[in-house]
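Here is a walk through one protein model, written for someone who would rather be at the bench. Have the structure open and follow along.

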Amino acid sequence: MPQQQPPAIDFQTLLQYAQAGDTDAQCQLGLCYALGDGVAQDTAEATCWWRLAAEQGHTDAQFNLALCYAKGMGVPQDKTEAAHWYCLAAEQGHAAAQFNLGVCYAQGEGVPEDKEESVRWYRVAAEQGLADAQFNLALCYNKGEGVPHDKAKAAHWFREAAEQGHTDAQHNLGVFYAQGEGVPQDWAEAVRWFREAAEQGHEDAQFKLDWCYAEGMGVPQDKAETMQSCAGEQSKPGLCYAQGEGVPQVWVEAARRLRLAAEQGHTKAQFILGMCYALGEGVPQDWAEAVRWYRLAAEQGVAEAQFKLSACYAAGNGVDQDWIEAVRWCREAAEQGHMDAQFNLALCYERGDGVTQNTAEAVRWYREAAKQGHTDAQFNLGVCYDRGDGVSQDLAEAVRWYREAAEQEHAGAQFNLALCYARGEGVPQNKEVAAHWYREAAKRGHAGAQANLAYCYEQGEGVAQNTAEAVRWYRLAGEQGHAGAQANLGCCYYQGKGAEQDKTEAARWYRKAAKQGYVEAQFRMGVCYALGEGVAQDAAEAAHWYHEAAKQRHMDAQFNLALCYDQGEGVAQNTAEAVRGYREAAKRGHVEAQLILGVRHFRGDRPNLCAGLAEHYKERLRAGLVLRSFFPHQALGYHQERYDPDAAATTLSKLTRRENVPDALLSPVQCYLQGEHYFHGSGEREDRVEAVVQWQMAAQQQYPWAQYRLAQAYQFGWGGLEKDEEAAFAWFMQAAEQGIVDAMREAGKCLIAGRGVARDAAQGADWLRRANLPQAWVLLGQLHERGRDVRQDEDAARRCYETAGETNAQAQWLRGRLGLRSADERQQRAGVQCLIDAAMLAERATGEFAEMDILFAETAFILGELHLHGMEAGRAAALARLDALEARLFQHNLNHQSLECDQNEWPSIAPAPRSPGGEDGHEARIWLNRAAQYGHHAAIVRLAAFAA
């Protein structure tokens, strides 16, 4: 009710003053309308006059207007407006407004909930002598809400309020003296304050005073002044015996007295008696009887009984399980402000138990419970904001609610708050604060927090690095079954970090995590079995664990399992499965898998290289280096037609960061790439002398690609080097022996030609086969076709050309020549088609490679002639020109000599008809025109003859 100040003058006079702008008169006139004093009661009119005065700064009017908004008197209820006017009055020293504003902050009504701000306003009102504020301030100190927990200060403020006649304060002060909390124990003082409250009708104080007389505590024992003076009211003694408040806790006596009161319809006694039956305290446990008494109290509106009855229906205790009934009674309690019921109702909406699932409604009820300090509700509300479930995602709001629960020691909230600080989500990233909250949650047994705190100690994130402390926390989490902690603890034992190295113990912890499906542990178990570390070596077991991890798309496990299939270790050899595994790992960025696929796809299958990679991989595992060994071929544009230095540098930078490449391995790679930059003039000046210097440095450190490039430098005399075929061959061989297929091809060519080494065509042919490159197969086919140092065999030659692939122009061209040479007409037609395919392939590469220009032009001319003269008449001349070009092509493939030659060196052509006719004059003209466009002399002559 607004503050009442009876008008000192009659209504009409007061109205005149108010209309003239007198704020006191306006405030009093508002009171007249509110109370119906001298005028018909009209709260809307009252608020109008209070607003006029309030807007001019009248504190009583501001306070009264705030009350109207708070209660919806004369205006729509608006808690925010109420808080606004309370604040204006409070800042001018209005004690009641200060108290009410404190209540607003305590309950989050009209302002954000803020316990500290609530205490601030309680204090200023209390210091003005407002008893309600003094009492609430005492409660804050007693509970530690908004201020540190302090019983002495709580007792001080209870006394301040008690001395003004505040009955609850008098009762609480009596309890403090009885229990010695905040004051020395003094039963006489306790009796004194119980009496003060009892005389004002405080029932709890009356009972405690009765008990003091009955037991002679603080007063002489007096049976006339016993608990029976409660005039038959048995609920209070029963409750006191049940709770041990002022009397020893005696459940049998509590149940007896509670039954007497409950049977007389006392609702609270009915509820407590129900609890006695539920817990078996003072009576035999009997859930059906508990439900009976809960229901009687619940039907009379006792929120706690409604909540307990809801729980019975949810669990099927004493009644058949019924979620609809559970939700009904839970809602009854929740709407009365029962925070546990509000939380449970939110859970029902979130899960769809007894109601249609509705996350927005869940959020609403979580918020209601959270505002009352329910820690689980605060945590769940934080999760909702974190994920955007039932509310717009708001990481800052998530952090706010996590913090509310965390400060009340909710371990899950502490862990999530730590994650927010660690990731910088909703708050600025702060590793130190993250570690603090991990520790708080870890101390309360949160396994995830223990594991993360261990990681912080292991990495030195937010705390000083301490691997022994990391092992301690990993163990605590691991013993609770945390798979990640078990795997990390295994790593610590494996590497001897923070604990003595013990690979048997490492395998034991890996196994625990692996059995839970933890993918990294599954992979590491595979490694242990593969290497025989901590367990007996067992290739089949290794393959089993790799398979388990590979099913979860673990990149290294996919690669290792592919190696197992490739080499038949622990599983039956299966090339198709191996390739599938390499492909899956390569998709995820596994460098060795990408290399092997590149070799297979572009250069053919290289089992020796795969075996070498596998052995290198195992060596790095044994050395404790990164689990994926580093191969920079991807960075070098290995699988591309041309070297791209910018792409190479970018890729290398990514790989070095990802793979944590040791300097010993990275140094030659950097030298090699620097040489490529100088050679191509990318990023640096073009300087082939410096390029050769860099390649020499890398080659001397056994980097194979640098060895290959240095061999080329000696072969062609780059960078001021004198051409030196012996040095070139020596470097080609070093690179070839390390698996560089381009070097294998070049070494083979050197041996066949006797360039820099004694001629050995058989060994050269073997290197060409090992290179497994299209160009190598073309050269091998030519050797077989010519019978040069190998058995002459056109079928073997044809197989080599086919192996080189249908996308290789030279191979298709040579297959076409073999077809034309056949006496079988069908083979001849197939040969023509191969020539057409070769021409099309060569044309796509013209302008990039000079030999492709010549190959296309000559092939186009030959095709034109065949169309012009027909197969029978034109075949001999076509074969003669094909043989002449093949001879030059062979020398080119063997020695990189130019295909250019004087046109007079080509075999003569048949006389031209006067006009393009023959077999297919139109098609002939098309091919001859295309040859002429590339400067083919004979084609130009032939077209000129047609024109004439």
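How many salt bridges does a search of the whole structure find? The search turns up 30 of them. Keep in mind that this is a predicted model.

## The overall picture

The protein is built with 49 helices and zero strands. It has 948 residues, and 51% of them count as buried. Take the contacts between residues at least 6 apart in sequence: 49% of these join residues at least 24 apart.

As for the outside, the accessible surface comes to about 41800 Å², and carbon and sulfur atoms account for 46% of that.

## Salt bridges within a helix

Side chains of opposite charge can pair when their charged atoms come close. Arg120 and Glu117 make one such pair, with their closest N and O atoms 2.8 Å apart. Both sit in helix α7 (residues 115-126), and because they are three residues apart there, about one helical turn separates them. Is Arg120 buried, exposed or partly exposed? Its relative accessibility is 40%, so Arg120 counts as partly exposed, since that value falls between the 20% and 50% cut-offs.

Helix α30 (residues 539-551) holds a similar arrangement: Glu548 and Lys551 are three residues apart in it, about one turn of the helix. Their side chains meet in a salt bridge at 3.3 Å, N to O. Lys551 has 54% relative accessibility and therefore counts as exposed, the cut-off being over 50%.

## A bridge between helices, and a network

Now for Glu785 and Arg821, which form a salt bridge with their closest N and O atoms 3.1 Å apart. This pair links distant parts of the chain, 36 residues apart: Glu785 belongs to helix α42 (residues 774-786) and Arg821 to helix α44 (residues 809-821). On the Glu785 side, the relative accessible area is 5%, so this residue is buried. Arg821, at 31% relative accessibility, counts as partly exposed.

Elsewhere, salt bridges link four residues into a network: Glu409, Glu440, Lys443 and Arg444.

## A look at helix α22

Does the span of helix α22 (residues 395-406) agree or disagree with what its length predicts? With 12 residues at 1.5 Å a residue, α22 should span 16 Å. Its end C-alpha atoms are 16 Å apart, so the two agree.

Which residues of α22 are buried? They are Glu397, Ala398, Val399, Trp401, Tyr402, Ala405 and Ala406. The cover over these buried residues includes α20 (359-371), α21 (375-387), α23 (411-423) and α24 (431-443).

## A nonpolar patch outside

On the surface, Val689, Val693 and Met697 form a nonpolar patch, and together they have about 220 Å² of accessible area. Met697 is found in helix α37 (residues 688-700). At 38% relative accessibility, Met697 counts as partly exposed, which means it also clears the over 30% cut-off for patch residues.

## Cysteines

A disulfide is a covalent bond between the sulfur atoms of two cysteines. How many disulfides does the count come to here? Judged by whether cysteine sulfur atoms lie within 2.5 Å, the count is zero.

Two of the cysteines are worth a glance. Cys140 has 8% relative accessibility, so it counts as buried. Cys312 is buried too, with a relative accessible area of 2%. Both calls follow because buried means under 20% relative accessible area.

Technical notes. Residues are numbered from 1 along each chain as its sequence is written. This is a predicted model: local features need pLDDT of at least 70, side-chain atom pairs count only at pLDDT 80 or more; totals for chains, interfaces and linings use all residues. Side-chain values use heavy atoms; hydrogens and water are left out. Buried means under 20% relative accessible area, exposed over 50%, partly exposed in between (1.4 Å probe, protein chains only). Helices (H or I, at least four residues) and strands (E, at least two) are DSSP runs, numbered from the N terminus. Contact means heavy atoms within 4.5 Å. Accessible areas come from the Shrake-Rupley method with a 1.4 Å probe; for residues, only the protein chains shown count as cover. Patches are made of residues with over 30% relative accessible area and no salt bridge: like charges are joined within 9 Å, nonpolar side chains (Val, Leu, Ile, Met, Phe, Trp, Tyr) within 5 Å. The expected span of a helix is 1.5 Å times one less than its number of residues.
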